[in-house]
Amino acid sequence: DITRILADHDISIEAVIQKEPRANENKLPVILLTQTVLEKQLMDALIKIEALESVSDQVTRIRVETLQ
């Protein structure tokens, strides 16, 4: 569902990291690194992602800057 939402907003995934759940937890942390994207595109997608039944927490986003 998450990748479909990202694709619907023309957001490409550069990398995915899926961590093992902690002992006695049923939550699975996932880290997605996207290609460069407009903030509005990302915010619109995050609203839909956070509304998914399978997403139990608020999405944390961290801006990655490239220094040249």
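This report walks through the fold, the core, helix H2, the largest pocket and two single residues of a predicted model.

## Overall fold

Let's start with the whole chain. The protein has two helices and two strands, and along the sequence they come in the order α-β-β-α. Measured out along the principal axes, the C-alpha atoms fill a box of roughly 45 × 30 × 15 Å.

Of the 68 residues of the protein, 15% count as buried. As for links across the chain, take the contacts between residues at least 6 apart in sequence: 39% of these join residues at least 24 apart.

## The nonpolar core

In soluble globular proteins, nonpolar side chains tend to be buried together. In this model, the largest nonpolar core has nine residues. They are Ile5, Leu6, Ile11, Leu42, Ala45, Leu46, Ile49, Leu52 and Val55. Two elements, helix H1 (2-8) and helix H2 (39-50), each give two or more residues to this core. H2 gives the most, with four residues.

Leu52 is a handy member of the core to look up in your viewer. Setting aside its neighbours within four places in sequence, Leu52 is in contact with Asp1, Ile2 and Ile5.

## A closer look at helix H2

How far should the 12 residues of H2 span at 1.5 Å a residue? The expected span is 16 Å, and the end C-alpha atoms of H2 are 16 Å apart, so the two agree.

Which residues of H2 are buried? They are Leu42, Ala45, Leu46 and Ile49. These residues cover an arc of only 105 degrees around the axis, so they sit on the same side of H2. What covers the buried residues of H2 includes H1. On the face of H2 turned away from its buried side, you will find the exposed residues Lys40 and Ile47.

## The largest pocket

The largest pocket has a volume of about 1500 Å³. It is lined by 38 residues, and those closest to its centre are Ile31, Leu32, Val59, Thr60 and Arg61.

The elements that give two or more residues to this lining are H1, strand S2 (30-34) and H2. The largest share, five residues, comes from S2.

## Two residues to compare: His9 and Thr66

His9 has its place in the loop between H1 and strand S1 (13-18). Is His9 buried or exposed? Its relative accessibility is 14%, and because the cut-off for buried is under 20%, His9 counts as buried. Leaving aside neighbours within four places in sequence, His9 is in contact with Gln41, Asp44, Ala45 and Lys48. Of these partners, Ala45 is also listed among the residues of the largest nonpolar core and among the buried residues of H2. His9 and Val37 are 28 residues apart in sequence, and their C-alpha atoms are 9.6 Å apart in space.

Thr66, for its part, is found in the segment after H2. With a relative accessible area of 63%, Thr66 is exposed, because the cut-off for exposed is over 50%. Thr66 and Glu50 are 16 residues apart in sequence and 27 Å apart in space, C-alpha to C-alpha.

Conventions
Residues numbered from 1 in each chain as written. Predicted model: local features only at pLDDT ≥ 70, side-chain atom pairs only at ≥ 80, totals over all residues. Heavy atoms only, no water. Core = buried A, V, L, I, M, F, W, Y, C linked by side-chain atoms within 4.5 Å. Buried < 20%, exposed > 50% of the residue type's maximum accessible area, 1.4 Å probe, protein only. Contact = heavy atoms within 4.5 Å. Expected span 1.5 Å × (residues − 1). Arc of directions from axis to C-beta. 1 Å grid on protein atoms, 1.4 Å probe; cavity = no way out; pocket = protein on both sides within 12 Å on 5 of 7 lines; lining within 4 Å. Points joined across faces, edges and corners; volume = space filled by probe spheres on them.
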